[in-house]
Structures are given as structure tokens and as C-alpha cells.
Amino acid sequence: MERTTLTRPGYRHRLIDELIPQYLAAFGAILIEGPKYCGKTWTCLHHSQSVYYVSDPDNNYANRARARLDPSGILIGEKPRLIDEWQEAPGIWDAIRFSVDQGRDKGGFLITGSSTACGTDTTHSGTGRIARLSMRPMSLFESGDSTGTVSLADLINQKGITLQPSRLNLGSLARLLVRGGWPESIDLSEAAAALIPKQYLLSLAQKDISRLDGIKRDSAKATALLSSIARNTAQIVSNTTIEKDIALNSDGERLSPQTIADYLAKLKELFVIEEIPGWAPALRSPMRLRLTPKRYFVDPSLAVAGLKADTTTLLQDMKTFGFLFENLVIRDLLIYTSRVGASCSTISMTPSWKPTSSSAWEENVGGQSR
């Protein structure tokens with residue numbers, strides 16, 4: 001008999017849905033981690049029979065207080081049990097690990113987190129007990145904007161594929177860059193959807209980047225850094241280059257390379273930026289350690305917002321459009337590769353073909369794959 005879960009009305013299937021049951025069968029708990037607003041909670045509810053919301057604000061955050069005082073007590077409930085935003089009470093991690101050890105049952109808990117809080121506040125890594133899965137905003141396949149007729153798994157396994165023209169033209173791609181893959185944005189108007197990444201960056205700069213460790217960071221400096229990352233999306237740049245870029249383009253802000261490194265580390269902990277390592281052909285090549293990674297936002301809409309761009313301005317600047325399109329491709333590839341157990345790396349090379357116009361670029365846009 002199929003178990004009833006807490007699936008929300010209107011839930012859209014995610015590719016990670018195919019992985020979660022496999023991991024529940026092998027581990028006592030799964031940590032689903034990723035940026036805020038990417039759909040972690042709804043996806044975990046789809047696989048859960050009970051839930052505890054640590055960050056529920058009712059009764060002066062009584063749930064959080066209880067979780068900090070009695071982390072083992074909040075684990076009682078039908079399994080799989082979802083513990084949402086566990087990092088608000090880090091003791092939950094060790095309580096789950098201990099519970100898994102005692103019961104030795106599989107698939108007992110799903111845990112969500114929007115920051116990498118597992119560290120000094122926990123005493124055990126959870127190795128062998130708690131598996132980790134990454135989640136990102138929706139790919140074009142998940143949002144219904146790509147047919148998925150070309151399979152990444154088939155490409156990796158060297159199976160025959162049939163290429164088909166993309167149904168997306170240049171204008172629709174520009175709109176998808178502005179909208180992004182945030183689940184709540186999918187059905188919004190273009191103007192409404194564009195507001196979400198703008199507010200996302202504002203919240204990052206004013207609150208989230210300081211909330212992780214309680215150290216107050218300058219929101220103006222954080223905003224300047226986010227804008228610089230947007231200007232340098234999909235490019236190989238050093239912290240020194242970012243320092244010069246901020247000095248040149250911001251309104252009087254100055255950040256040292258050390259400050260930039262600190263802020264970037266926090267953005268990675270919040271799963272806001274992705275750093276894709278360089279590719280080296282030899283398995284043991286030392287060049288893997290020397291290649292500077294390319295940096296991307298977890299969703300291209302954040303880069304669009306950081307540039308204060310919109311559909312019209314993107315279509316007027318094909319070079320910038322190309323970098324942001326690469327960000328979209330990387331977002332989707334990271335989602336698809338995680339499903340098939342592969343990984344992404346980057347290589348810098350000079351393309352043999354360069355677009356001379358919007359129409360030429362549009363004619364050479366390939367179909368979407370998964």
C-alpha cells in the first residue's frame with residue numbers, strides 16, 4: 001500500500017525526486033541543502049509523512065527554542081520525518097545521527113538547510129548515517145520550458161540521440177534569464193518574476209550574509225561585490241581583479257582581497273554562487289589544483305538583477321547575453337549531472353564561431369538537453 005505523504009497542491013516534479021527514494025533506502029537520513037527559495041521544503045514534504053518546522057515564528061519561535069533545548073524530542077513522529085531548516089538549531093544534527101545509530105532503520109529523516117551550518121556546532125560528520133543531496137532552482141526541463149528530448153544520460157552512455165530544433169527563440173531565452181528557475185516565479189508575469197531576484201540580492205546584502213556567523217558585514221560592500229560577480233559571471237577572475245572592478249564601477253566602495261574572500265566564502269555557504277573547477281585531461285594532473293575556477297550564480301536571474309538588466313537591455317548586448325546564457329546552461333547541467341552521478345568542469349578556449357548579430361546568435365542556439 002502506497003504511503004500518504006505531505007505533498008502540497010500544485011507541486012511540480014523535480015529531478016531530485018528520483019534520487020530521494022534511492023537514498024532513503026540506503027541511509028538513515030538525507031540532508032537536502034541548497035539556496036533559499038529553490039523548493040527544498042516542498043520537495044521534502046513530497047516524500048515525508050510528518051514535519052517539524054524549526055523556524056516557525058509562532059509563539060515567539062517556540063519550535064526553535066524547543067529544538068535547541070530538546071533536539072531528540074522533536075524527532076518523534078511518523079517516518080520519513082522532515083526537519084525543516086535544521087541549522088537554526090545545530091544540535092539536531094547530532095540528535096539525528098544518534099537516533100539513526102540506535103534504531104539502525106533506513107529512511108527515517110529528511111533534513112533541509114539553506115546554509116552549510118554543519119561544522120563546529122556539531123560533533124560528528126554523520127558519515128555513513130546522513131547522506132547529502134544538493135538542490136538548485138528549477139532547470140528548464142523541470143519548469144516545463146524545455147522538452148527534454150535530448151538526455152544527458154544518453155550522451156554519457158554514448159547512445160544514439162536525435163537532435164531537434166529548440167522551441168526557444170532569443171526573446172524567450174532572455175525572458176527565462178530574467179525570470180530564473182525559482183518555483184514561485186514560474187507562473188508569474190515577467191515584471192513580477194523580475195522582482196524576486198532583486199529582493200533576493202537585497203536580502204543577501206542586508207541580512208543573510210551577516211546572519212551565518214553573527215558578524216556584521218557592510219551591506220553596501222556586499223551589494224558592490226554581488227554586482228561585480230554579476231559583471232564577471234562565467235569568467236575566470238581573481239579576487240584582485242574583483243577588487244579593481246569594484247573600485248572602478250561602484251559608488252566609492254573599496255574592498256580588499258581579504259574582505260572579498262570572506263564575503264565570497266559566506267556566499268558559497270549560502271549556496272548563492274557556484275565555482276566550477278577547471279578541467280585537466282590527465283586524471284592525476286597537478287594542473288587541476290592550479291586552474292582558477294569559473295564563478296556563476298546559482299541562478300542566472302541573480303546575475304541579471306545584479307546588472308540591473310531586463311529583457312530589452314539583454315537583447316541589446318549579445319556579449320553579456322552570452323555570459324548569462326552560459327550561467328543558465330551551467331545551472332541546468334549541474335542539476336542534470338547530479339542525477340546521473342557526473343560532475344562539471346570548465347575549459348577556456350577561443351570559439352571558432354562568433355555571433356555578428358542577434359539573428360546569427362539565434363540561428364545557432366542549440367536545443368535544450370537534460
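**Exercises on a pocket and its aromatic neighbours**

H7 gives the second largest pocket the largest share of its lining, six residues. The model is predicted, so local features need pLDDT of at least 70 and side-chain atom pairs pLDDT 80 or more, while totals for chains, interfaces and linings use all residues. Numbering runs from 1 along each chain as its sequence is written, and side-chain values use heavy atoms, without hydrogens and water.

**Exercise 1.** Find which residues lie nearest the centre of the second largest pocket.

*Solution.* Start with the lining: 26 residues, with Tyr37, Cys38, Gly39, Pro183 and Glu184 nearest the centre. Next, look at the elements that give two or more residues: helix H2 (40–45) and helix H7 (190–211). (Helices are DSSP runs of H or I, at least four residues, and strands are runs of E, at least two, numbered from the N terminus.)

**Exercise 2.** Work out how the rings of Tyr37 and Trp182 are arranged.

*Solution.* Recall the rule: rings of Phe, Tyr and Trp (its six-membered ring) pair if their centres lie within 6.5 Å, and planes under 30 degrees apart are stacked, over 60 edge-to-face, the rest tilted. That gives four aromatic pairs. For Tyr37 and Trp182, the centres are 6.4 Å apart and the planes at 40°, a tilted pair. In sequence, the two partners stand 145 residues apart. Finally, Tyr200 joins them in one aromatic cluster.

**Exercise 3.** Decide whether Trp182 is buried or exposed.

*Solution.* Buried means under 20% relative accessible area, exposed over 50%, partly exposed in between (1.4 Å probe, protein chains only). Trp182 has 0%, so Trp182 is buried. Its partner Tyr37, at 41%, is partly exposed.

Definitions and conventions. 1 Å grid on protein atoms, 1.4 Å probe; cavity = no way out; pocket = protein on both sides within 12 Å on 5 of 7 lines; lining within 4 Å.
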